[in-house]
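Visitor: Please show me the model, and then allow me to question you about its details.

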Amino acid sequence: MWIQRLDVKDCAGIASASVVFKPGLNVLYGPNELGKSSLVKAIRATLLLPPTSSTAEALRDWNVDAQPTVALIFEQEAQRIWRVRKSFGSRAAAYLEFSRDGDAFSQEAREREVEGTLQDILRWGINPPGGKGGKRGMPSSFITTALLGEQSDINAILAASLKDDPNDSGRDQLTQALQAMVEDPRFKAVLAAAQERVDEAFTATGRRRSGSASPWRQLRADRNNAEKRERESRQQVEDSETARVHVRELQQQVHAAEAEAEQAAGQLEAAQVAAQRRAEREEAARALADAEAQLRQALAQVRRRDEKASAVEAAEKEAATLKGTLAAAEQAVADIEPRASAAREHVRQLEAGDAEQGRKLREQEAENRRLKFREQQKELQAKVAGAKELQALERTIAATETEVQERTERLDKRRALLRQAKARTEADQDQLEDLELERDCARYLAARRKAQTLKEQQEAAEQHAKRAKALARDAEEKRTSAQALNAPAAAEIDHLKRLDTERRIAQAKLSVGLAVEFTPEEAGNAEIAVDGDVRKRQFNASEQLAYEAEREVRFDIEGVGALRVRGGGPALREEAQSATERWRSTAEAAFARAGVDTMDGLAAKRQQADTLLEESKQLDFDATHAQSLSEGLEALERDAVVANADAKRYRAAVAEWFDAGASVDDYVESLEQRGESAIAQQMEALAKKVSERDSLCKQMEIEVARDEEKLAGQQDDLARRREELRTSALTNEKWKELLDQADAQEDRLDQDLAAVDAELVAIQAEATAEAESAQNTLTTLTREENAKREERDETNERRQAALNQLAKLQGEAGELENLVANLDVTTLQTTYDERKSRLDELPDADDDAITDLAELEHRRDRANAVANSRRDELHTAQGALSQVGGQYVEEQAIQAKEAIDALASREHDLELEYGAWKLLRDTLADAEKEDATHLGDALVEPVSKHMAQLTAGRYDQVDIGPHLDASGIRLGGHEHSFEELSVGTREQVALLLRLSIAEALDSFVILDDHLTQSDPIRMRWIRQLLGDAAQKIQVVVMTCHPDAYLTGDEHAVDLTQCVQRHDTAPPPATDDNADPVPAAAEKLTPTPTRRRRREPTKDDDLDLETQLRESTRG
Amino acid sequence: MRTKAEVANAIDENEVALTLLHTADWHLGRRFPAFEAEQEKRLTRARLEVIGRILDVAESRNVDAVLCAGDLFDRPAPEKEWWEGVLHEFQRRRWQRPVVLLPGNHDPLTQQSVYNAAHPFRTGLPEYVHVVDEKHWQLPLGDNAVVVASPCESQAGDTKLVESLPKREEGDTRIRIGLVHGQTFDIDGHQTNFPIARGSAAERGLDYLAIGDTHAFREVEPKAHAPTVYPGAPEATNFGEKDTGNVAVVFFPLDRRRRPLVRREVVGAWHWREATCHSIAELRTLASEDLRKTVLRLTLDMALPMQEFDEAERLLAELRGSLATTPRVGVLSEHRQGLRLATDAPIDFNAELPDVLRATAERLQAQARSDAPGQAEMAERALYHLYRLVRRDAA
């Protein structure tokens, strides 16, 4: 994780600041009070502080009334870039946005959600706001202390512990990160082997693998096949068993049906015998009945003949009666006919009179008038209808004209809209071209930037190479200087020291303590040496000179002589002499070589030489480092050539857009620098919009064409109707007049018709009373005449019927007479008697045996049919059984079952095998988790190693507890608390710990004005250490001592160029901090050689497309 | 194995009128799905290999005819490789002695079967090989003997095929050999296919009734004058089958009053065996045997300390074989659910374990002592995996 960019506004004294960071070492330098710590505070607040927190008040600048605003971009991992924007205070706001390319960000969370999401991403052990019991102030945890330590307490990490974290996310993250550092190699090997076997069978989510390499796959396939075979076999066995049972059932049914048929056949035979007997009796009975019938028939014929003769006689009598009745009826008709003829003549005469003729004439005249009025009425109605048609036609014309007008207007509007949309599309096409240009420019810029970067890297590498040479040269010079000092080796110095000590000891043995008193008689001068300390003095006569010495006193009195008093015996003196000689003979040569005369001088020379050698080593180290930095120069050169070629190619592509002579670079520089993907995204969006609009335009064109067609049709229709109106028989004025008068004329005609109808009624009522009376008489007589005639006709008919009946009866009587004459009743009686005797002689039939022969036959046939049917079924079933069943399928089923059992056993073994691997893997992981709770172990080694290097082995181990709480340091095998160390050493231990934690987490670390107490040598070493760490993580150093850090391989940021305080003038913007993130994106700036046009706004687009859609719908 | 002359001597030096080789139940093409694919191949191949040995015996005994009493194929229409294998065995022999193939209930005479007249197997058979393809089928063996046979025409049925064999006609003095496929037992509730009643041989006037179906060698009526014989399967088809791996060589004496002599000849190569080991010593002993032609169903029932458990696994691996090593057992079916680790015994990992591995081992040991079903077994196995990995690492 590394910070890409920080933007601050009105925050903790900073008016505005924009800092662009890079991976690796970032050195942000500037004088005190510029706001370095404020920037760190801003980073801390961005990542940790809810915008509504009262703690944010501390960020507020009391000099201005503005809300502190911060924006931070950091890359969590490749292609996971986050931007956090916060505004603290009364109008607090927070946004968390995500991007893959660092250009296009999409909102991931806002306001209160931001803190929770952010802490989920960071996993620093911080609780999101809202929980109870949270501490007030800036949230902090072990990791925040390590990565974002405050300047005021740079050693806080030494007192921090994971135990104090608000939640376990930080511990979990560190555990995860540190586990890898402490795993035992054997454990790793076992875990890897177990994991490998688990991976063979299971996916990462613990599901069984199903791919071609899965161990379950073949087994599962075999199992499925076996189960399928087993199912089929089982089914076959079941079928076989069913078939076998079916065969047995059918066999039983066949036997039952055969028995039934046999029984029915027996019963049928008995019944048939009985039936035969009964048939014979019935035959005899029938013959008897025939004879009896013939006898009865003959007797009946005789009786009928007698009856018929009586009927003939009665009919003759009735015919005679009816003859008389008919004669009377004919007479009555003859009587009434003359009276009816007279009445009819009387009526005819009355109707032929003059009065009646006049009435009929008037009636005819009235009728004629009535017809005339009717005709007039019809004529008028026809005229009115014509006029109304014309009136309707006129109205239709008016309506059509209105419709044509409306359609014309709508069509014009649509055409205008269409033109507008096409113009807009052209504009968008132009914009697409602009974007294409911009994209080409972006490519060019990217290529150029890359070329530039490569060039810078190339130059830097060259600088490093030069510097490496210079440093090597300096190192050589230092070594030469060190050699020129001719300082004895440390061992020689030690030897000299030992000789000196021996000498001193030997001399000390002579130190027995001396007290010398001397009283001169005369005044004089003397040189007195007490234990080698020589002093001169004058003395007076009789002055007592008293001296105390350890080993020797020597008086050298001018003009008198010398006195030497020494302590110790001769052996001790000799030993001292010898030691002194040894010392002298050895030391003098060394002193002579080194040009000094004391041991201190020699030690100083040695130290000087050591320092020079140490410096030469450091220079060698630096030279090697610089040399390593310059490695890859050739590759860089090649890359630079390629990048330049790319830039040239892309520039040529951009240049094609412009007229000759136009300044491509000026244009490109004037552009807002956007990423290619953002432009491509915009192009895609715009192209989509254009495509959608084109689609709408096409729809609109279809609508317009349809409107035009309809309009043309309506206009033709209108012209035709106008012509029709113009050429009609009635002029415009006439039909209107006619319509106006039509009602009055209609009324008049109605009145005339009513008058004629009344007249006709009156004429018809004028019939005379006489005619009416004659007519009544005629009616009565006619009715009476008809009645008499009917009576006569009826009597005649009855008589005819009686005569016919008589004739018929007479015929029948004749026939019967003849029949009876031919009958032999006696013979018939004899025959009857004979047959009766025969019937009586026949035996009776067994009625119980005779049930129903047909039923018995049916039963027998049915039983036979059932038996046959069952036999057929039996054969079929036996055939089926022979095909599907038997031992064969049972064996197959047993085989299939055995196969399944075997596969189940194999599956169990496989499950056991891989389940055991899984269990082993999980158990290893659990044990490791438990074992890894002592997180400190992982950090002890790197921290201690660096500490030992830093202190030249003086401090050999830093103790770090299970919760990463550093407790102390070892010195010479003894533990010391940090308080016992110097401030500088404490700072250094804290730094090492923080760096190690950041490296474990692969995270940035911010060092705010740390190491203020370190000496230059350690500073140099630490600078090297930071450089090494920056190879792996981002290290941000805030310092007011840039010289200690700036060596050329870091990203240096002069904060005076980036930070504007409220009390200072705005600084000129640098390349790195040109665009504050929250600022709105600016529009493309075209060059003078390109056509300018008004950019359509989003609202314009919305309106136009809405209109297009609505118009299309309309 | 005695020669024809020796046998002749054995039957009171009467001359032998006729010698037959009677076989059945080859079950070619039979699958063994309970075994793994490679093992199954070995067993199915073995069924074909035995045919050659059967015919070799016929040659060496100089029999007059070979009677194959059904179920030569495991199903009516086996794959080509099976019938081609048989065809090859017949075609490569320039025989005159007849070989009679009888369709059984596994390979009945149907439209689809290999015995159908149009089937390439049938058309490819040399002239000396005859197929019983109708009821009342007869084949004279010279002037003095005749084979009468009736085929199965379905997989199951209660047809008494032996009753369709013609009875001895009056004056027919030839040696009459009946050939049918079916079952001579009738157990209530058990399907009996193509039943063969006792006394059928005598009832039909036969001197020998050659039958097939049962996989064990069996003389059905040992005291009857006319033997009724199942030769059994020449190679066993499953565990538990006894008296398999034989053919019957039948000697008919010239003295017709004497009963024909029936002798078993061993032709099978494979031995099906079930074994249970209760200790590592038993397993060691078993593993030292020659088991290359053995189908072994091995059940392990023992709890072993880790070192012996490891040895057991190693012995099993040797028996089982691998891609790199030849299996010591022809076909192995392991039932190892009873092989358990004695969890109370200390485990010598032969290495100074790191704490985390020691903790892992302790946890697994605790789980191995659990009563939860399956958990203990799995923990034992995991413990063994750990043991192997640590030992390997240490090595």
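Visitor: In which loop of chain B is the place of N62(B)?
Guide: This is a predicted model, in which local features need pLDDT of at least 70 and side-chain atom pairs count only at pLDDT 80 or more, while totals for chains, interfaces and linings use all residues. Residues are numbered from 1 along each chain as its sequence is written, and chains are lettered from A and ligands numbered from 1 in the order in which they are written. Helices (H or I, at least four residues) and strands (E, at least two) are DSSP runs, numbered from the N terminus. On that numbering, N62(B) belongs to the loop between α2 (37-60) and β2 (65-68) of chain B.

Visitor: Which word describes N62(B), buried or exposed?
Guide: A residue is buried if 20 or more other C-beta atoms lie within 10 Å of its own, exposed if 12 or fewer, and partly exposed in between, with C-beta atoms placed from the backbone. N62(B) has 11 other C-beta atoms within 10 Å, so it counts as exposed.

Visitor: What is the phi of N62(B)?
Guide: Most residues other than glycine have a negative phi. N62(B) is not a glycine, yet its phi is positive, at about 50°.

Visitor: What is the burial class of A12(A)?
Guide: A12(A) lies in the loop between β1 (2-11) and β2 (14-20) of chain A. Its phi is near 50°, again a positive value in a residue other than glycine. Around A12(A) there are 19 other C-beta atoms within 10 Å, so the class is partly exposed.

Visitor: Which element gives the most to the side of chain A that touches chain B?
Guide: Counting a contact when two C-beta atoms, placed from the backbone, lie within 7 Å, 37 residues of chain A are in contact with 33 residues of chain B. On the chain A side, two or more residues each come from α6 (185-201), α7 (215-351), α18 (853-884) and α19 (887-931). With 21 residues, the element that gives the most is α19(A).

Visitor: How does the contact of α21(A) with α22(A) divide by class?
Guide: The axes of α21 (residues 983-1001) and α22 (residues 1016-1030) of chain A come within 11 Å and cross at roughly 5°; axes are lines fitted to C-alpha atoms, for helices over the stretch in contact, and angles run from 0 to 180 degrees between N-to-C directions. That makes the two helices roughly parallel (under 35 degrees; over 145 is roughly antiparallel, 65 to 115 roughly perpendicular and the rest oblique). Q988(A), L991(A), L995(A) and E999(A) of α21(A) meet R1018(A), I1022(A) and A1029(A) of α22(A). With Ala, Val, Leu, Ile, Met, Phe, Trp, Tyr, Cys and Pro as nonpolar, Asp, Glu, Lys and Arg as charged, and the others, Gly among them, as polar, the contact has four nonpolar, one polar and two charged residues.

Visitor: How many residues does α21(A) give to the largest nonpolar core?
Guide: A nonpolar core is a set of buried Ala, Val, Leu, Ile, Met, Phe, Trp, Tyr and Cys residues joined through C-beta atoms within 7 Å. The largest has 92 residues, and L72(A), V1035(A) and V1036(A) have the most contacts inside it. The element that gives the most to this core is α21(A), and its share is 10 residues.

Visitor: Which strands are the edge strands of the sheet that contains β9(A)?
Guide: Four strands form an open, antiparallel sheet in the order β10-β9-β12-β13 of chain A; two strands pair if DSSP finds at least two bridges between them. Seven bridges join β9 (residues 524-530) to β10(A), and five join β9(A) to β12 (residues 552-557). Among the facing residues, E527(A) stands opposite K536(A) and A529(A) stands opposite R554(A). Pairing on one side only, the edge strands are β10 (533-539) and β13 (561-566) of chain A.

Visitor: Which residue of the β9(A) and β10(A) hairpin takes a positive phi?
Guide: V530(A) in β9(A) has D533(A) in β10(A) as its bridge partner. The hairpin has two residues between the strands, and a positive phi near 50° is found at D531(A).

Visitor: What separates the C-alpha atoms of V190(A) and L920(A)?
Guide: V190(A) is in helix α6 of chain A, and with 26 C-beta neighbours inside 10 Å it counts as buried. Although their positions lie 730 residues apart along the chain, the C-alpha separation of V190(A) and L920(A) is 9.4 Å.
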